[in-house]
Amino acid sequence: MMEYRKLAEVYEKLEATPGRLEKTDIITGFLNETPKELLKIIPMLLMGRVFPLWSPVELGIGPGLLYDTISFVTGISKQDLKTTIGEMGDVGSAVEKLFEKKVQTTLFTEKLTVEKVYACFENIADASGKGAQGRKIKLLSNLLTSAAPLEAKYLVRTVLGELRVGVAEGIIRDAIANAYGIPPHIVERAYMLTNDFGKVAMTARVQGEDGLTELTMEIGTPVKPMLAQISPSIKDAIKDCGTAAFEIKYDGARIQIHRNCGDGSRGESAGGVRIFSRRLEDVTSALPDVVWMVNKAVKSSAIIEGEAVAIDPETRRPRAFQDILRRFRRKYDVLEMIEKIPFEIYIFDILYADGKSLIDETFENRRKTLEGVVEPIEKKIELAEQIVTDSVQAAEKFYSRALEKGHEGVMVKNLKAPYIPGARVGYMYKIKPVMETLDLVIIGALWGTGKRAGWLSSYILGARDAETGEFLPVGRVGSGVTEEQLEEFTNTLKPLVEFNSGGRVKLKPELVVEVAFQEIQKSPKYKSGFALRFPRVMKVREDKGPEDTDTVNRIEELYSSQYR
Ligand code: AMP
């Protein structure tokens, strides 16, 4: 058992400590004191998450429901609550202050433990169907009623998904490495393969380095995808890779497919097939057509990756990206959507087959294995179209053909390279005709005036600080958003509003947009140190989460390369 107060005190210390090394030390010490049974969940809680990203389970409490609950527990009106949040800068600090003022007899009647809090979170997530909101409020109120001010501060921040203590994956990795005396790269690898720091910490503690080295991927648990770098031209890519594989860069959404040909004893659903989005969300239930294709075409137990593309059956052109995402999100009338927006799947990699990890194999070998594992079904599930060449001319011809067909460009793959989960290394390049764009998260907005009154009409863009997980402003977009989008953006952003202050709103960082710009400038005005000149929203990237956005480091790199 561990008192929740102890965890809250660690959060408080972390928040007050800006240095990365000091934060790592705090967590190292805390991990050493954590009872074994809690190691499964503590790393996640320290990063401000309750469930792994890839788990279909979620709390389902947005700012609105949370504020209702706080208002109910403290007896303060929602309006006053919002004013206090505005004054204090965040809901956690506001709740701490309100709890301090409250007559104490009604509050913290019972000592909270981490176990109790977590069980309550699980019950909140479990509440679904009719009356679910009411039940969620009740469970959360019970929890808050037992909380001391400091505990309440971090409970509400956790529920909101904004812990603000500046702990991202790198710090947890280093703390696990320090706590159990294991080299960080071994911890990193184990994490990329399992996506579960709880499991990694537990294995490190119980089985040490050998146990961690043996951890491997498992069918059913998604693996972080390897990412592509940008190459300015085919010539550059060939210079780097030599003879390389050129593949069509399909204009769709990435999926990771897990197929288990066993008897389902490992608990896989949907006939042994699971499909994860690029964010590693489980989207299996929205894609029964893909499950069908995979069952027919994939001959062994395997983890493969591909792109889901919505090709218009008449014109054979890929349809808008938003159409694809609409299908991913669909919870009802799924069959109708399959008819409206049929998918074609183009498979481009394999990570695991027949009980063996393939990520250390070369791309050349993985592709060969893939050809044996997938029996294509025309216009349903095929392998990515590919040529292998070192000729710039041949590659350029292939590139033009890809663009003529309406795809985004080409991918260039190093034939000798392994697969490195979660990494953006130079093993896979993308070449597209359009200029570089950045994926950024909207962290705030301004209420419009005049014709735009009532709409959130100008958006503050944030880039990720990879070390702390914080989102730092890099610019503001207003133009490039049509009237129709204005409405859509406002509706999407409103539930994310944390507080209003002087015509501005602070938003929970959730909505990711792909942004084009003319130039990057240094800027003392923004905390990131950089500002985008003339940013424009190209598209909403609902396939990406805030954790996938570009980092301040990446912006710095682009800044230094733009005048080269
Ligand atoms: P980007 O999202 O712009 O960073 O581009 C990389 C993405 O291109 C990958 O994550 C895939 O979703 C997508 N893609 C499309 N076709 C391929 C392909 N043949 N090989 C690898 N990735 C591809």
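**Notebook: helix α18 and the ligand site**

I looked up the burial of α18 and found that Ala395, Phe398, Tyr399 and Ala402 are buried. Seen down the helix axis, the buried residues of α18 fall within an arc of 100 degrees, so they line one face. I note that the model is a predicted one.

I recalled the general rule: an α-helix has 3.6 residues a turn, so residues three or four places apart point the same way.

I then turned to the other side of the helix. The face of α18 turned away from the buried side carries Gln393, Lys397 and Glu404, which are exposed.

I checked the dimensions of α18. The helix runs over residues 392–404, 13 in number, and spans 18 Å from first to last C-alpha, close to the 18 Å expected at 1.5 Å a residue. Just after α18, I found Gly406 with a positive phi of about 95 degrees.

Against which elements do the buried residues of α18 pack? I listed α13 (234–241), β2 (244–249), β9 (386–389), β10 (409–414) and β11 (428–431).

I next examined the ligand. Of the 13 residues around the ligand, I recorded Glu247, Arg254, Glu307, Lys413 and Lys430 as those that come nearest. A nitrogen atom of the ligand lies 3.0 Å from a backbone N or O atom of Ile248. For ligand oxygen atoms, I noted 2.8 Å to a side-chain N or O atom of Arg254 and 2.5 Å to one of Glu307.

I also looked up the ligand's cover: taken alone the ligand exposes 500 Å², of which the protein buries 93%. The elements giving two or more residues to the shell are β2 and β10; the largest share, three residues, comes from β2.

Key. Residues numbered from 1 in each chain as written. Predicted model: local features only at pLDDT ≥ 70, side-chain atom pairs only at ≥ 80, totals over all residues. Heavy atoms only, no water. Helix = DSSP H or I, 4+ residues; strand = E, 2+ residues; numbered from the N terminus. Expected span 1.5 Å × (residues − 1). Buried < 20%, exposed > 50% of the residue type's maximum accessible area, 1.4 Å probe, protein only. Arc of directions from axis to C-beta. Contact = heavy atoms within 4.5 Å. Near = heavy atom within 4 Å. Polar contact = N/O pair within 3.5 Å; in protein donor to acceptor, adjacent residues only side chain to side chain. Areas by Shrake-Rupley, 256 points an atom, 1.4 Å probe, with all protein chains shown as cover.
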